[in-house]
Amino acid sequence: MSQSFETLLLEVDDSGVCTLTINRPDKMNALNNQVFEELDAALDHIIENSGIKGLIVTGAGDKAFVAGADIEELNTLDDSQAVKLSLRGQRVFQKLEDLTIPVIAAVNGYALGGGCELAMACHIRVASANAMLGLPEVSLGLIPGYGGTQRLPKLVGDAKALELTLSGRFVKAEEAKETGLVNQVAEGSALDAAKEMMKSMIKQGPLALKNVILAIKEAGKDSGYGSEADLFGDLYNTADFKEGTSAFLEKRKPIFTGK
Ligand code: COA
């Protein structure tokens, strides 16, 4: 990776899986201005790097994924700066959600406030058994500002989202799984489990993965079924579709090239 960051660690393994670690363990990986600027730049870098096949987002240390927006910084803003902060956070997390490679959050501890919003902007969440998730902004006299009020209801339904956000209570990993906030509770480390899950994805054709992500984004919209048909049809023009079907008929494993 040509770029280096102070608050993030970026590592790409031989299979093309990038692990992005928020790296402020002494502050529970809280999201300050520098983290957001670096995250924005790191995402651009990932978008431009066609060798990256999947992204795992995690936090440094074993206590926290991310314990929220940096409360010291929040404390210094006025109302118009707060709107800007919220819009910037929403934009960066949208950029993450809009990636067309699989994105898994490895939630290895506290994922609170902006940390829970970061995890929700990932496509999938794998949590360690000790993970605690929640949107405690009301306890600061605030509401979630980085997309949390919009993404949480999609995952858990309006009533549960209201319950969690109005109370600000933290949920343990198992309850988070029961409600749909996380996909899986890892037996060991969240990062290892996320890597294992990612393996089963990146062996598939990258163009098919991209079109799955684009199609599922359209779910619930009037245009959803039409988009699905178009994205399905697009893949007929790819070498990966020919390879995938030929490999099945020839009883061998496919070798996808992303073309
Ligand atoms: N912003 C800024 N600093 C934070 C932070 C945040 N969101 N969360 C934790 N920290 C800092 C603490 O201030 C402390 O720094 P210090 O050692 O310089 O005093 C350090 O991280 C360790 O946190 P601490 O509270 O001592 O750890 P803990 O194990 O007792 O508690 C939490 C962990 C996560 C429960 C607690 O830190 C917490 O409630 N954090 C805020 C969560 C929150 O409200 N997030 C939403 C923000 S929008």
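Visitor: Which backbone atom of Ala 67 lies by the ligand, and at what distance from a nitrogen atom of the ligand?
Guide: This is a predicted model in which local features need pLDDT of at least 70, side-chain atom pairs count only at pLDDT 80 or more, and totals for chains, interfaces and linings use all residues. Residues are numbered from 1 along each chain as its sequence is written, and side-chain values use heavy atoms, with hydrogens and water left out. For Ala 67 the atom is a backbone N or O, and its distance from the ligand nitrogen is 3.0 Å.

Visitor: How far is a polar backbone atom of Ile 71 from a nitrogen atom of the ligand?
Guide: A polar contact here is a pair of N or O atoms within 3.5 Å; within protein, one must be able to donate a hydrogen and the other to accept it, and residues adjacent in sequence count only if both atoms are side-chain atoms. For Ile 71 the backbone supplies the polar atom, and the separation is 2.9 Å.

Visitor: What lies 2.6 Å from an oxygen atom of the ligand, and how much of the ligand is buried?
Guide: The 2.6 Å partner of the ligand oxygen is a polar side-chain atom of Lys 27. Taken alone, the ligand exposes 870 Å² (Shrake-Rupley method, 1.4 Å probe). The share of that area buried by the protein is 60%.

Visitor: How many nonpolar residues are in the shell around the ligand?
Guide: The ligand is surrounded by 14 residues (a heavy atom within 4 Å), Lys 27, Met 28, Ala 67, Ala 69 and Ile 71 being the closest. Ala, Val, Leu, Ile, Met, Phe, Trp, Tyr, Cys and Pro count as nonpolar, Asp, Glu, Lys and Arg as charged, and the others, Gly among them, as polar. Four residues of the shell are charged, one is polar, and the nonpolar ones number nine.

Visitor: Which strands stand at the edges of the sheet of six strands?
Guide: Strands are DSSP runs (E, at least two residues), numbered from the N terminus, and two of them pair if DSSP finds at least two bridges between them. The open sheet of six has the order β1-β2-β3-β5-β7-β10, with mixed pairing. Two of its strands have a single partner each, so one side of each lacks a neighbour in the sheet: β1 (8-12) and β10 (184-185).

Visitor: Which residue of β2 stands opposite Leu 10?
Guide: β1 and β2 (residues 17-22) run antiparallel and are joined by five bridges. Their hairpin has four residues between the strands, with Gly 16 at a positive phi near 90°. The residue opposite Leu 10 is Leu 20.

Visitor: What distance separates the centres of domain 1 and domain 2?
Guide: The bounds, from an automatic or database domain assignment, are 2-202 for domain 1 and 206-249 for domain 2. The contact (heavy atoms within 4.5 Å) takes 10 residues from domain 1 and five residues from domain 2. Taken over C-alpha atoms, the separation of the centres is 27 Å.
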